[in-house]
Amino acid sequence: MANRVLIPTPLRPYTGQREAVEADGRTVGEVLRNLTTRYADLQRHLYADNGNLRSFVNIYVNDEDIRYLSREDTALRDGDVISIVPSVAGGSGAATTVESAELTNEEVQRYSRHLIMPEVGVEGQKKLKAARVLCIGAGGLGSPAALYLAAAGVGTLGIVDFDAVDASNLQRQILHGTPDVGRSKLQSARDRVTALNPNVRVETFETALTSKNALDLFRDFDVIVDGTDNFATRYLVNDACVILGKPNAYGSIFRFEGQASVFATKGGPCYRCLYPEPPPPGLVPSCAEGGVLGVLPGVIGTIQATEAIKLILGAGEPLIGRLLLYDALRMRFRELKLRRDADCPVCGDHPTVRELIDYDQFCGIAKPAEARVAAAPETESEATVEELKASLDHGEPLLLIDVREPQEWQICRIPGAKLIPLGQVPAHIEELRAESAERPIVVHCKSGVRSDRAVKLLQQAGIMNARNLKGGILAWIDRIDRSLPKY
Amino acid sequence: MTVGCATVIEEEAVDEIRRHAAEAYPHECCGALLERDDVIVEAVPLSNTTIEEATRRFLVSPDEYRYAEKRARERDARLVGFYHSHPDHPARPSQHDLDHAWPNLTYVIVSVAAGTPADITCWRLREDRTAFDRGDLTWRTES
């Protein structure tokens with residue numbers, strides 16, 4: 001089967017100035033082999049000495065880059081047109097910057113397992129040394145990502161976080177240790193990274209990432225590693241990466257499942273191409289509400305670090321246009337194809353979002369001031385833990401419902417509470433209606449989010465004397481019974 | 001004297017390259033060179049899409065390359081090469097330039113010293129890819 005191959009200007013002298021030639025082959029690789037057999041001079045310009053296509057040679061089948069198809073194994077149909085399209089690269093570099101990234105003897109020893117692989121080598125290790133990677137968050141994903149990036153010799157590691165280390169972080173956030181509880185995450189992150197590799201320059205930013213500071217923070221970095229734990233910040237990271245043209249090594253985790261991809265590269269999809277709209281607030285529980293297997297961020301964060309390193313080296317196939325799904329319980333990886341959405345409001349052909357927006361609003365999260373106004377008329381449907389304690393102590397008639405999951409119930413509970421997990425509340429409406437005729441209801445969960453939804457469900461069913469326990473069992477433990485374990 | 005290329009370029013195109021280089025400083029700029037009747041008549045500024053440090057790297061993506069070809073066709077000209085700037089570095093090709101070079105293209109390099117465009121030089125890749133040969137760049141004022 002013969003296919004037409006379009007030849008770019010710089011290679012036409014080798015094809016007798018022909019703009020297009022015919023070549024046989026069932027796959028792209030076969031066509032290119034036949035082409036270089038016939039026009040031998042093409043070989044050294046298309047292929048590097050190791051036999052791989054040179055990085056600045058792009059092959060398209062019709063309008064699709066073969067990197068997004070099956071590369072040189074891409075099968076061809078009759079009539080497919082193959083285009084060879086150059087990217088033109090270069091730059092100063094040799095004189096000062098590479099010199100300043102010369103490896104010391106200590107570094108040669110430290111990175112020797114990298115240096116002996118042709119895909120990294122001294123040149124690649126120097127690229128890593130010159131690279132600047134920014135980790136958003138020093139938590140579950142940021143921990144393994146930052147540690148492996150530092151170990152690999154990334155020269156400058158930026159870390160953004162504003163939290164302090166909590167005992168509940170230690171099950172997965174391996175940047176922090178038991179003695180670090182209560183310290184700033186950035187301090188313990190800096191200590192751990194420096195102990196691992198003192199050659200790494202750590203730049204810490206103790207701030208929440210906002211629409212005001214994101215562009216300034218990102219501007220000086222080459223790759224952004226998204227280790228955020230909420231939708232508003234994830235959209236913010238995505239949009240800032242697209243606007244600045246910085247690749248985003250993305251990962252997210254929940255319970256036993258994780259996903260990873262590389263977004264915001266030129267021509268590749270972004271997070272919004274995958275998820276144009278955030279889920280309604282409260283629908284997808286956070287790790288604090290839903291839990292997470294401690295080792296899970298170890299897998300996903302390490303994949304993010306791998307992708308960041310590959311992007312810096314320019315090696316291998318980046319996770320662009322592919323969403324990697326990981327299920328730890330079944331121990332399975334799956335891959336979904338992603339495409340850039342031409343109508344994407346951020347990275348599409350006619351973007352409507354050209355600057356950073358209010359992401360809390362975009363994700364339907366009311367600002368504290370607005371929330372207060374909205375909540376004001378509803379204060380009657382809330383109870384404080386002190387009010388609950390007084391009612392219980394006085395033996396007032398009251399039905400206390402715990403809408404957490406059974407495994408949370410196993411950890412700690414408020415005496416006298418009845419367990420009805422949130423998902424089962426609708427099935428218990430009639431029973432609760434009957435109960436509510438006898439006595440008022442107080443609903444609680446861990447922190448007050450799920451119980452608020454339960455109270456709304458009851459109110460919609462006409463049960464008006466149900467109140468939400470503000471702050472949930474965590475507030476109860478803090479202010480009433482410190483003997484209970486916090487989780 | 002090496003045998004490189006003898007290239008004639010319109011002064012307006014040179015001005016455009018210098019303007020673009022100064023504007024992009026401290027980053028590298030890049031663009032396409034279009035030729036008609038053996039004279040470079042237009043410098044087309046392109047986006048520097050590198051994901052490395054743009055102060056010392058440039059990348060003309062395949063999309064930008066195709067844009068340059070389209071522009072050449074529209075102007076009834078030929079895409080013959082590319083220019084880029086070397087901020088605070090001499091107007092000589094680097095090893096990186098050599099590693100990534102295409103044959104049969106004219107490479108114009110402009111050095112930018114502390115924001116001000118300085119030397120402009122012209123190069124072509126040797127057939128065996130071992131080095132660049134320097135060519136002569138002659139400016140012409142449009143008559």
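# Close-up views of a predicted two-chain model

**View 1. Chain A as a whole.** Of the 487 residues in chain A, 49% are buried. The model shown here and in every following view is a predicted one. Chain A is built with 20 helices and 19 strands, and when contacts between residues at least 6 apart in sequence are considered, 64% of them join residues at least 24 apart. The area that chain A exposes comes to about 22,900 Å², of which carbon and sulfur atoms supply 52%.

**View 2. The open five-stranded sheet of chain A.** Five strands of chain A make an open sheet in the order β2-β1-β5-β3-β4, and their pairing is mixed. At its edges stand β2 (20–24) and β4 (64–65) of chain A, each of which pairs on one side only. Within the sheet, strand β1 (residues 2–6) of chain A runs parallel to strand β5 (residues 81–86) of chain A, and three bridges join the two; Arg4(A) has Val81(A) of β5(A) standing opposite.

**View 3. Helices lying across strands of this sheet.** Helix α1 (residues 28–38) of chain A lies across β1, β2, β3 (57–61) and β5 of chain A, and its course makes about 115 degrees with β2(A). A helix of the other chain is also seen here, since α2(B) lies across β3 and β5 of chain A, running at about 95 degrees to β5(A). The loop between β4 and β5 of chain A holds Leu76(A), a residue that counts as buried because its relative accessibility is 7%, under the limit of 20%. Although Leu76(A) and Val31(A) are 45 residues apart along the chain, their C-alpha atoms are separated by 9.3 Å.

**View 4. Ser61(B) and its contacts in both chains.** Ser61(B) is placed in the loop between β4 (58–60) and α2 (62–74) of chain B. With a relative accessibility of 5%, Ser61(B) counts as buried. Leaving aside residues up to four places away in sequence, Ser61(B) touches Pro86(A), Ser87(A) and Lys266(A) in chain A, together with Thr49(B) in chain B.

**View 5. The closed barrel of chain B.** Seven strands of chain B form a closed barrel that runs β1-β3-β2-β5-β6-β7-β8, with mixed pairing. Neighbouring strands of this sheet are turned against each other by 40 degrees on average, with direction ignored. Strand β1 (residues 6–10) of chain B pairs with strand β3 (residues 39–46) of chain B in the parallel sense, over two bridges, and Val8(B) has Val39(B) as its bridge partner in β3(B). Helix α1 (residues 11–24) of chain B packs on the sheet, where it touches β1, β2 (30–36), β3, β5 (78–87), β6 (106–113), β7 (116–125) and β8 (132–140) of chain B, while its direction makes about 20 degrees with that of β3(B).

**View 6. An edge-to-face pair of rings in chain A.** Over all chains, the count of aromatic pairs comes to 11. One of them is formed by Phe205(A) and Phe221(A), which meet edge-to-face, with 6.3 Å from centre to centre and 85 degrees between the planes. Phe205(A) belongs to strand β9 (residues 201–206) of chain A, whereas Phe221(A) sits in the loop between α9 (214–219) and β10 (223–226) of chain A, so the pair ties together parts that are 16 residues apart in sequence. The two residues are covered as follows: Phe205(A), at 22% relative accessibility, counts as partly exposed, while Phe221(A), at 1% relative accessibility, counts as buried.

**View 7. A tilted pair and its aromatic cluster in chain A.** The ring centres of Tyr250(A) and Phe263(A) are 5.1 Å apart and the planes stand at 45 degrees, so this pair is tilted. The pair links distant parts of the chain, with Tyr250(A) in strand β11 (residues 248–254) of chain A and Phe263(A) in strand β12 (residues 257–263) of chain A, 13 residues apart. Both Tyr250(A) and Phe263(A) are buried, and together with Tyr235(A), Tyr271(A), Tyr275(A) and Phe362(A) they form one aromatic cluster.

**View 8. Arginine residues over ring faces.** Phe362(A), a member of the aromatic cluster, has Arg272(A) lying over its face at 4.6 Å from the ring centre. Across the two chains, Arg66(B) lies over the face of Tyr60(A), at 4.3 Å from the ring centre.

Technical notes. Residues numbered from 1 in each chain as written. Chains lettered and ligands numbered in written order. Predicted model: local features only at pLDDT ≥ 70, side-chain atom pairs only at ≥ 80, totals over all residues. Heavy atoms only, no water. Pairing = 2+ DSSP bridges. Helix = DSSP H or I, 4+ residues; strand = E, 2+ residues; numbered from the N terminus. Axes fitted to C-alpha atoms, helices over the stretch in contact; angles between N-to-C directions. Contact = heavy atoms within 4.5 Å. Phe/Tyr/Trp six-rings, centres within 6.5 Å; stacked < 30°, edge-to-face > 60°. Buried < 20%, exposed > 50% of the residue type's maximum accessible area, 1.4 Å probe, protein only. Lys NZ or Arg CZ within 6 Å of the ring centre and 35° of its normal. Areas by Shrake-Rupley, 256 points an atom, 1.4 Å probe, with all protein chains shown as cover.
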